[in-house]
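Dear colleague,

I am handing over the structure below, together with some notes on what was found in it. Please read them with the structure open beside you.

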Amino acid sequence: MPDKITLKIIEGNLIGQEFTFEERTTCIIGRAQDCHPQLPEDEAHRIISRYHCLLDINPPDIRVRDFGSRNGTYINNKKIGQRQPHQTPEEAAKLKFPEHDLQTGDRIKLGKTVFQVTIEVEPKTSKTLDVAKAKIIRSPVPPKQFNLFEIIKNLLQRANGGEQNLIAIRGYTILKPLGKGGFGEVYLARHQPTNEEVALKVMLPQVAAYQGAIDKFLREMQNTKALQHYNVVRFKDCGFSDNTFFFTMEYCNGGTVLDLMQKQGGKLSIDEAALIILQVLDGLEYAHNAEIPYIKQAGGSFTKGRGLVHRDIKPGNLFLVNVGGTRLVKIGDYGLAKAFDLAGLSGQTMSGSKAGTPVFMPRQQVINFKYAKPEVDVWAAAASFYNMLTGTYPRNFVGADPLVAVLQTSAIPIRQREASIPQRLAEVIDLALVDNPEIPFKTAAEFKQRLLSVL
């Protein structure tokens, strides 16, 4: 049985209800209809905000953060996060209140409703990693003593020496670094037997990586091998050794769309951005409908299914390839962030300091971290198009808690950012960036068709 967290209502008119979490997720408690758990719209809960507090869950870890509510959240009868009486909700949204880690037996009180936390931890078997070693990689960014270049050099040496669990990287040598981020680094590598150049990505899990999570992540990533489309970066192979994940992927020689924007002063022309986003939508339409070998079903079984959602579309994940003077756009890291998160290997990223600003995320993903319908990618593609054309993000995040900004604000009409955008194009982009109560374009094909009608 996996690690499990249960929230049971022990006081209030919802007494007896239970909410169980066995996977990495977030949820928001409040009176709004899209909250889960949702509190009643009655007199007893009048003091509870529509979006009151965030639960960030990565079993067996759970933490809570108040969103600057008028009356605060009580943890074991201690109030946390309440905004001051003179502060408006808008002013409170600019503050980030402390996070509180919860333990078994802790109580969360919101109005008349009290939740009790129960944490059940799976006994770790001999198949799990050495916990003492695993704990040293729990910090949000790999500590300085972790030299990923030295780690991958050692793994390559062992792979070329015949170590069987490193067969995915056998025959490769590193040519140069390509980039780095909070989770890892990317190198240009050459496969000596074929002379093919690939991108070799190395990642460290941010929490103790037990065997079940490792297996789940690698199994999820195998699905991406089924994606064979000229607008999707081809995933070749992956593996795990010495607390380190490694991946080989198609190398894109033109950098990313973000690199291109930076070279051109922060934004792109309409013609250039349109050619990019139309290719992105082609890649998404294919991936959302592709036949995938293994899709998780209810009950934990895996069977054939259709479609993969990326869930992290942004200019930095859109890669460029120059082919005979033609620019080809490819969606990179397909499914990587989702698989890493859902396996619990990225820690508690939504509320933690390494989460960054969710500037390309629709509110549906903040409300429910596991929300993974194709439309969230379509919204993110529209947000990326907006960013390419204006050099800014659809929402105003300046001085605001990013999660509250996503929940409580709408996209700013694009012509307020860039008046030169034609009116008809602006109307389509603005429509695509609606996310309350629903995202209007459910498929990439729908959005592409509307764009073509005004370009």
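Asn 76 sits in the loop that runs between β6 (73-75) and β7 (78-80), and in this predicted model the phi angle of Asn 76 is near 50 degrees, a positive value in a residue that is not glycine. With a relative accessibility of 41%, Asn 76 counts as partly exposed. A positive phi is also found at Asp 333, another residue other than glycine, where the angle is near 55 degrees. Asp 333 belongs to the loop between β19 (326-331) and α7 (336-342), and because its relative accessible area is 17%, which is under the 20% limit, Asp 333 is classed as buried.

Two cis peptide bonds deserve your attention as well. One of them joins His 36 and Pro 37, with omega at about 5 degrees, and Pro 37 has its place in the loop between β3 (25-29) and β4 (53-58). The other leads from Asn 436 to Pro 437, again with omega near 5 degrees, and Pro 437 lies in the loop between α12 (423-432) and α13 (444-452).

The loop between β3 and β4 also holds Arg 31, and you may want to look at the surroundings of this residue in some detail. At 16% relative accessibility, Arg 31 counts as buried. Leaving aside residues up to four places away in sequence, Arg 31 touches Gln 38, Leu 39, Pro 40, Glu 41, His 45, Arg 46, Ile 48, Ser 49 and Arg 50. For Ile 48 there is a further detail, in that its backbone oxygen lies 2.4 Å from a polar atom of the Arg 31 side chain.

Arg 46, one of the residues that Arg 31 touches, has a salt bridge with Glu 43, in which the closest N and O atoms are 3.1 Å apart. Glu 43 counts as exposed, its relative accessibility being 60%.

How many salt bridges are there in the model? The count comes to 27, and the pair just described is one that I would set beside a few others. Glu 120 forms a salt bridge with Lys 4, and here the closest N and O atoms are 3.7 Å apart. Since Glu 120 lies in strand β10 (residues 113-120) and Lys 4 in strand β1 (residues 4-11), this pair ties together parts that are 116 residues apart in sequence. The two partners fall into separate classes of accessibility: Glu 120 is partly exposed, with a relative accessible area of 29%, whereas Lys 4 is buried, with a relative accessible area of 17%.

Arg 158 and Glu 163 also meet through their side chains in a salt bridge, at 2.8 Å from N to O. Both of these residues are partly exposed, with 22% relative accessible area for Arg 158 and 28% relative accessibility for Glu 163. Finally, Arg 63, Arg 65, Glu 99 and Asp 101 are linked to one another in a network of salt bridges.

If you would like a place to begin, I suggest the loop between β3 and β4, where you will find both Arg 31 and Pro 37, and after that the pair of Glu 120 and Lys 4, which links strand β10 with strand β1.

With kind regards

Methods. Residues numbered from 1 in each chain as written. Predicted model: local features only at pLDDT ≥ 70, side-chain atom pairs only at ≥ 80, totals over all residues. Heavy atoms only, no water. Salt bridge = Lys/Arg side-chain N within 4 Å of Asp/Glu carboxyl O. Helix = DSSP H or I, 4+ residues; strand = E, 2+ residues; numbered from the N terminus. Buried < 20%, exposed > 50% of the residue type's maximum accessible area, 1.4 Å probe, protein only. Polar contact = N/O pair within 3.5 Å; in protein donor to acceptor, adjacent residues only side chain to side chain. Contact = heavy atoms within 4.5 Å.
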